[in-house]
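Let's take a walk through this fold, strand by strand. Have the structure open and follow along.

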Amino acid sequence: MNILMISPGYPAQMAFFARGLAAAGASVIGVGDQPYPAVPAMARDALAHYIPVGSLAAGDAVAATIRELARQVRIDRVECLWEPYMILAARMREELGLPGLTVSQTVPFRDKERMKQLLDTAGLRTPRHDATGTVAGVWAAAERLGFPLIVKPIAGAGSADTYRADSAADLDAILPMLRHVPQISVEEFVDAEEYTYDTICADGQVLFENICWYRPRPLLTKMHEWISPIDVALRDLDAPDLQSGRALGAAVLRVLGFRDGFTHMEWYRKPDGEVVFGEIAARPPGGRQVDLMNYVTDADLFSAWAEAVTHGRISQPTGRQYNAASIFKRAKGAGRITGYEGLDELLAEYGEHVVAVDLLPVGAPRRDWRAVSISSASRTSSRSVMGIWSSEA
């Protein structure tokens, strides 16, 4: 099987998916905007061929390159796990007559307003919402929905350009920061715990599912620099308070017609037990969450995804054995990382629970949300894992 993979080397975890495809027996052809020497070695080793393009954002030019390639080599599938270019991948599937999400099927995974409209029609609970491309439209939506509310891009990723407005004054201060965003989603703020629902599917069947618990919810970590976000991948998916979220996730997949690959959904559980849809992407989660899933299962879910999309199955055991948590310790202020304090003491006290530490090198620019990531796996309850990290958060 010849698989064309768009952007096999960026972001960094794409190299693991490329390796998985090669291990599943696929001949992997990469198309990306990295020069070949800049492609991570793991991805280079997995690729049968690589075609560098000037920019993946130049969709027509990239499509012409892929069409020319398809005249020379049979292409059986087109895969893209990086959100900005999923529409490009869908376009190429349509043009080449290949299986997978079409453009019309992909759009609801990128357009948050269209996504919620489809789910509303199906009777699923979403935040009350509106979409607009004008300042006047934002104010009209705020008038209809009331405060507090969330404003964010229609086609965003993570919590980038996402803001909470508790009042008209807040909204007035936020709007100048969204001038570069062409289409804005305005929605009800849901005061609740936030979770993920992640799956690997084949032929419309869920072969693997995962739930992560955000501590605290990502919007708070964006608003407060001092907070060190924690993700907890939960071992026991049969816990009673997770069942409504799992059912919601399965219903969302059915409504949107997802069939093959990774999905990453976020949902809310309110204090009264009501569950509310957040958003969904037809890709794996970022933030090292696939690594957490690997720790939970003692499996390689990069390879499991590859086997699912190439052979329609997952043959390795993926039973959930642990809770696993990651904490992202953040540097304060702008500039560059100058050093680390407290890590040795943390490892001395809790080192038996820590399975990985990933540091930004001294001298690296401070990123918006991480300086250190630490992963922990435990056979104890997720609450016990949280107890380890709560004093450092």
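Before we look at who sits across from whom, one bit of vocabulary: two strands count as paired if DSSP finds at least two bridges between them. Keep in mind, too, that this is a predicted model.

Start at the N terminus of the chain. Strand β1 (residues 2-6) and strand β2 (residues 27-32) run parallel, with five bridges joining them. One place to see this is N2, whose bridge partner in β2 is S27. Now zoom out a little: β1 and β2 belong to an open sheet of four strands, ordered β3-β2-β1-β4, with parallel pairing. The edges are taken by β3 (47-52) and β4 (77-79); each has a single partner strand, so one side of each has no neighbour in the sheet. Going from one strand to the next, the twist averages 20°.

Helices lie across this sheet. Helix α1 (residues 14-23) lies across β1 and β2, and runs at about 180° to β1. Helix α4 (residues 86-96) lies across β1 and β4, this time at about 170° to β4.

Next, hop along to strand β9 (residues 193-202). Is it buried or exposed? Nine of its ten residues are buried, so β9 is largely enclosed by the rest of the structure. Its pairing with strand β13 (residues 261-269) is antiparallel, over nine bridges, and there Y197 stands opposite M265. β9 also pairs with strand β10 (residues 205-210), again in the antiparallel sense, over five bridges; here I200 faces F208 as its opposite number. β9 and β10 make a hairpin with two residues between them, and D203 in the turn has a positive phi of about 55°.

Conventions: Residues numbered from 1 in each chain as written. Predicted model: local features only at pLDDT ≥ 70, side-chain atom pairs only at ≥ 80, totals over all residues. Heavy atoms only, no water. Buried < 20%, exposed > 50% of the residue type's maximum accessible area, 1.4 Å probe, protein only. Axes fitted to C-alpha atoms, helices over the stretch in contact; angles between N-to-C directions. Contact = heavy atoms within 4.5 Å.
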